[in-house]
Amino acid sequence: MLPELRVLYFEDLEVGLSETLTKTIASSDVVGFAEITGDRNPIHLSEHFAARTPFGTRIAHGLYTAGLISAVLGTRLPGPGAVYISQTLNFRAPVRIGDTVDVTVTVAELMPERRRARLACLCSVAGESVLDGEAWVKVPNRAEADPLAVRMERSRIPPSEA
Ligand SMILES: C[C@@H](O)CC(=O)SCCNC(=O)CCNC(=O)[C@H](O)C(C)(C)COP(=O)(O)OP(=O)(O)OC[C@H]1O[C@@H](n2cnc3c(N)ncnc32)[C@H](O)[C@@H]1OP(=O)(O)O
């Protein structure tokens with residue numbers, strides 16, 4: 001089930017604030033990711049091929065798992081309006097079809113003057129880290145996101161200077 005959308009503005013963020021989304025990886029997710037990206041690496045799509053790799057079975061695309069981090073950032077923390085700036089990724093262990101991945105994003109640093117947040121990102125399967133990294137996102141503040149507040153702000157500017 002998809003999580004409900006939640007908007008957090010820059011003012012709502014504090015270091016340590018955390019959100020977790022859980023997703024069980026279906027074969028159709030991996031096949032769908034291969035189709036939309038064109039990455040048809042048989043390590044993801046062919047049991048026959050994957051059986052001869054160190055993993056022994058098909059694994060998810062690393063960037064599919066990373067996409068789950070994007071889902072947390074875009075829907076929950078900070079949520080709608082957040083803009084990705086950068087993301088580091090370390091793929092620590094494979095994610096297999098049927099694995100349940102816990103994706104946790106935690107606010108690690110705030111830069112109020114530029115309304116940027118650094119978030120620690122961790123994906124784990126049964127308590128084992130499979131992916132970690134750091135994201136920087138730009139986060140709207142209330143005035144920026146609320147059109148009425150923006151209009152009121154503009155109405156304070158004398159017409160000759162508007
Ligand atoms: C292109 C696409 O189609 C393909 C994909 O998407 S594949 C899917 C995404 N990738 C994965 O699922 C890989 C998951 N990771 C692993 O299985 C393993 O990490 C590895 C096979 C990549 C490496 O394992 P190994 O060769 O056994 O390395 P060691 O455990 O011996 O570690 C040696 C040192 O390197 C450090 N290290 C290992 N992996 C990573 C990593 N992913 N990121 C950062 N650092 C890594 C490890 O900590 C050791 O460091 P130390 O200082 O010597 O302790």
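**View 1. Asp29 sits buried in helix H1 of this predicted model.** Asp29 has a relative accessible area of 19%, so it counts as buried, if only just, given that the cut-off is under 20%. The whole model is a prediction, so read every close-up here with that in mind. Asp29 is part of helix H1. Its side chain reaches back to the backbone nitrogen of Ala26, at 2.9 Å.

**View 2. Phe33 and Tyr64 make an aromatic pair.** The count of such pairs comes to one. The ring centres of Phe33 and Tyr64 are 5.8 Å apart and the planes meet at 70°, so we call this one edge-to-face. Phe33 belongs to helix H1 (residues 27-37) and Tyr64 to helix H4 (residues 62-75), so the pair ties together parts that are 31 residues apart in sequence. Is Phe33 buried or exposed? Phe33 is buried, at 15% relative accessible area. Tyr64 is buried as well, with 12%.

**View 3. Here is the ligand with the residues around it.** Which residues come nearest to the ligand? Of the 13 around it, those are Asp39, Asn41, His44, Gly62 and Phe91. Two side chains offer polar atoms to ligand oxygens. In Asp39, a side-chain N or O atom is 2.7 Å from an oxygen atom of the ligand. In Asn41, the side-chain N or O atom is 3.0 Å from a ligand oxygen. Arg92 joins in through its backbone, with an N or O atom lying 3.1 Å from an oxygen atom of the ligand. On its own the ligand would expose 1,000 Å², and the protein buries 38% of that.

**View 4. Leu63 on helix H4 is out in the open.** Leu63 is found in helix H4. With a relative accessible area of 53%, Leu63 counts as exposed. Where does Leu119 sit relative to Leu63? Their C-alpha atoms are 18 Å apart in space, and the two residues are 56 apart in sequence.

**View 5. The peptide bond from Leu77 to Pro78 is cis.** Omega for this bond is near 5°. Most peptide bonds are trans, so a cis one is worth a look. Pro78 is located in the loop between H4 and strand E2 (83-87).

**View 6. Gln87 in strand E2 is shown with Val137.** Gln87 is found in strand E2. It is partly exposed, with a relative accessible area of 24%. Along the chain, Gln87 and Val137 are 50 residues apart, and their C-alpha atoms are separated by 8.9 Å.

**View 7. Two loop residues, Arg115 and Ala126, have positive phi.** Most residues other than glycine have a negative phi, which is why a positive one catches the eye. Phi of Arg115 is near 50°, and phi of Ala126 is also near 50°. Arg115 is in the loop between strand E4 (100-111) and strand E5 (116-125). Ala126 lies in the loop between E5 and strand E6 (128-138). How do they fare for exposure? Arg115 is partly exposed, at 22% relative accessible area, whereas Ala126 is exposed, at 79%.

**View 8. Cys121 and Cys123 stay unpaired.** The disulfide count comes to zero. Cys121 is in no disulfide, and the nearest cysteine sulfur, in Cys123, is 7.6 Å away. Why does Cys123 not bond with Cys121? The gap of 7.6 Å between the sulfurs is too far for a bond, because a disulfide needs them within 2.5 Å. Cys121 is buried, at 3% relative accessibility. Cys123 is buried too, at 0%.

**View 9. Residues 21-109 carry a domain annotation.** According to UniProt, in an unreviewed entry, the feature "domain: MaoC-like" covers residues 21-109. What is the helix and strand content of the chain over residues 21-109? That stretch is 37% helix and 24% strand. The C-alpha atoms at its two ends are 21 Å apart.

Key: Residues are numbered from 1 along each chain as its sequence is written. This is a predicted model: local features need pLDDT of at least 70, side-chain atom pairs count only at pLDDT 80 or more; totals for chains, interfaces and linings use all residues. Side-chain values use heavy atoms; hydrogens and water are left out. Buried means under 20% relative accessible area, exposed over 50%, partly exposed in between (1.4 Å probe, protein chains only). UniProt positions are given in the numbering used here, feature names are shortened, and annotations may be inferred rather than shown by experiment. Helices (H or I, at least four residues) and strands (E, at least two) are DSSP runs, numbered from the N terminus. Rings of Phe, Tyr and Trp (its six-membered ring) pair if their centres lie within 6.5 Å; planes under 30 degrees apart count as stacked, over 60 as edge-to-face and the rest as tilted. A residue is near a molecule or strand if one of its heavy atoms lies within 4 Å of it. A polar contact is a pair of N or O atoms within 3.5 Å; within protein, one must be able to donate a hydrogen and the other to accept it, and residues adjacent in sequence count only if both atoms are side-chain atoms. Accessible areas come from the Shrake-Rupley method with a 1.4 Å probe; for residues, only the protein chains shown count as cover.
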